[in-house]
Amino acid sequence: MKNILLVTLNAKYIHASLGLRYLYANLAELQSDAAIREFTIKTRPIDIVESLLEEEPSIIGFGIYIWNIEETYAVIAQLKIVAPHIKVIVGGPEVSYETESHPIRQLADYIVTGAADLSFYQLCKDILDRCAPVEPIVRSKPVKLEQLAMPYQYYNNDDLAHRLIYVEASRGCPFKCEFCLSALDKTSYPFDLDTFLNEMENLYQRGARHFKFVDRTFNLKVANSLKILDFFLDKLAIAPDDPVFLHFEVIPDHLPEKLKDALVKFPAGTLQFEVGIQTFNSDVQQLISRKQSNDKSKQNLMWLRQNTQAHIHADLIFGLPGETFESFASSFNELYACQPHEIQVGILKRLKGSPIIRHTDEFQLRFNPLPPYNILSNRDVSFHDLQQMNRFARYWDMLGNSGRFTHSLPMLIDDNPFDRFMQLTDWLFEQTGQTHQINLKRLFELLMGVNTLFKKISHEQFLSALHKDYEKTKLKGHLKPATVANSQSQPSHKNRSARQLRHLA
């Protein structure tokens, strides 16, 4: 039985909450009477309530994000019906801005805004000491990183064996891109590097091999980046048969020679870079306060692809103010030419507090009122356009990003990737009427009939390429042309590591 429960609903089991572990690490004398409890958004809210009540807590703190707000709301709503005496505290990016108008304010006893590493402890202490604040919104003061106890020892052995281990060498971001909450940060603050690397050493010695850095700008301060990379290169040199896997978010136009020299040393399957391009439209970049050299970004992407074995995951955002269908198509084609392994086509979301809303009237931004607050239309992009792009993004993830169609896809998109894949998108949706739960074998069989769409493709050569891709999947049975009836088969649950192995192959 624990008096304080720290709770969140993760998107998937493999995710382990770094935020909860920071809260737990900084609970001081209250830590012995506290526990972390993680669930997934697939778990029924009523079952979560039952599990929490079995521990008879006095306080439950929930970490709330854009991906779990609906499910967490359902949990808290039921919890407050059956156990109104339990004090519910919520915090996280989803409730840190526009707090007064957030629906969850009607349910929670307290909302802690901002970095709650220390303010959550003080609030719990005040509640237990019966001197809780009257005001339900507790605004956290800025936290100095040297004041924080580190959270990494609270990843347990099961976490290390089966889940992603999130780490951060710095907090904040110096850039002001208006679609992002980090635009509200003043700058980026690094943790003491010796302390951080000591924590990484401890994790490594305990068996951690998969490190996902949540830093917004890993390569901002190159001297620190190099020391972190050297730390992991030493591990690879000592145990090449027991490699680490590192995920970094990097600034695309900042790749000095010293950093390049380090990156070429990493073997295949050990590095993944998430590269935020978002748009190559310079007018849109200026409009949303995004500083980015497009030429350098393209050069660096090509250099990474040609000279390193890093897996490159590049992001674009559709629906930005000032971006037209045609200009986005141009950005997609330019990015495709840089040959990243994956292009993530994202749809603009209105993160609460993000400055993007200053363009609402001029560009007629219309956002979904429900999570994930995705844009539904704007001055230059219709609702139909957005629906098309949602389908495009989903099919591109299935075909372009999955690594399963490396022989056949280039023949389909030829020298005009965006327009050709949009044609394929419309055709696939006509055939299936769906974007999810399309069985992989059925997808292959659907593509056998794509000659009705692209009549100039050599059907014989395309089928040969498609069969090569099919053989790589090791699916059983022979391919046969698909019928038009909608598929009701179950989706694939392959994880990203498996996807990357296909790219490497």
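**Entry 1. Overall dimensions**

I began with the size of the protein: for 505 residues, a compact globule would have a radius of gyration near 23 Å, and the protein has 24 Å, which agrees. I note at the outset that this is a predicted model. I then looked up the box filled by the C-alpha atoms, which is roughly 75 × 50 × 50 Å along the principal axes. I counted the secondary structure next and recorded 17 helices and 16 strands. For burial, I noted that 53% of the 505 residues count as buried. Among contacts with a separation of 6 or more, I found that 74% come from residues 24 or more positions apart.

**Entry 2. The six-stranded sheet**

I turned to an open sheet of 6 strands and wrote down its order as E2-E1-E3-E4-E5-E6, with parallel pairing. Which strands stand at the edges? I found E2 (34-40) and E6 (137-139) there, each with a single partner strand, so one side of each is left without a neighbour in the sheet. On average, neighbouring strands of this sheet are turned by 20° against each other, with direction ignored.

I then examined helix H1 (residues 18-25), which packs on the sheet and touches strand E1 (4-10) as well as E2. The direction of H1 makes about 170° with that of E2. I also looked up helix H2 (residues 45-53), which lies across E1, E2 and E3 and runs at about 165° to E2.

**Entry 3. The two edges of the sheet**

At the E2 edge, I recorded 7 bridges between E1 and E2, which pair in the parallel sense. Within this pairing I located Leu9, which stands opposite Phe39 in E2. I also asked how many residues of E2 are buried. The count is 5 of its 7 residues, and E2 is thus mostly covered.

At the E6 edge, I found 3 bridges joining strand E5 (residues 110-113) to E6, and the two run parallel. One pair I noted by name is Thr113 with its bridge partner Arg139 in E6.

**Entry 4. Ile59**

I selected Ile59 in strand E3 (residues 59-63). Is Ile59 buried or exposed? I found a relative accessible area of 0%; since buried means under 20%, Ile59 is buried. Leaving out residues up to four places away in sequence, I listed the residues that Ile59 touches: Asn3, Ile4, Leu5, Ile86, Lys87, Ile89, Cys124, Ile127 and Leu128. I also took one distance from this residue: Thr72 is 13 residues away in sequence, and the two C-alpha atoms are 16 Å apart.

**Entry 5. His247 and Ala262**

I next placed His247 in strand E11 (residues 245-250). His247 is buried, with a relative accessible area of 5%. Its contacts, apart from neighbours within four places in sequence, are Phe211, Lys212, Phe213, Gln272 and Glu274.

I then went to Ala262, in helix H8 (residues 257-263). Ala262 is buried as well, with a relative accessible area of 4%. Which residues are in contact with Ala262 beyond its neighbours within four places in sequence? I found Leu226, Leu229 and Leu233. For a long-range reference, I noted Pro103, which is 159 residues from Ala262 along the chain, with 48 Å between their C-alpha atoms.

**Entry 6. Helices H12 and H14**

I examined helix H12 (residues 383-399) against helix H14 (residues 417-432); their axes come within 9 Å and cross at roughly 95°. This angle makes H12 roughly perpendicular to H14. From H12, the contact is made by Gln388, Met389, Arg391, Phe392, Tyr395, Trp396 and Leu399. From H14, I listed Phe418, Phe421, Met422, Leu424, Thr425, Asp426, Leu428, Phe429 and Thr432. By class, I recorded 11 nonpolar, 3 polar and 2 charged residues in this contact.

**Entry 7. Helices H15 and H16**

My last entry concerns helix H15 (residues 440-447) and helix H16 (residues 459-473), which pack at an angle of about 170° with their axes 10 Å apart. H15 is therefore roughly antiparallel to H16. I noted Leu440, Lys441, Phe444 and Leu447 on the H15 side, and Phe462, Leu466, Asp469, Tyr470 and Thr473 on the H16 side. The classes in this contact are 6 nonpolar, 1 polar and 2 charged residues.

Methods: Residues numbered from 1 in each chain as written. Predicted model: local features only at pLDDT ≥ 70, side-chain atom pairs only at ≥ 80, totals over all residues. Heavy atoms only, no water. Axes fitted to C-alpha atoms, helices over the stretch in contact; angles between N-to-C directions. Helix = DSSP H or I, 4+ residues; strand = E, 2+ residues; numbered from the N terminus. Parallel < 35°, antiparallel > 145°, perpendicular 65-115°, else oblique. Contact = heavy atoms within 4.5 Å. Nonpolar A, V, L, I, M, F, W, Y, C, P; charged D, E, K, R; others polar. Buried < 20%, exposed > 50% of the residue type's maximum accessible area, 1.4 Å probe, protein only. Pairing = 2+ DSSP bridges. Rg over C-alpha atoms; globule rule 2.2 N^0.38 Å.
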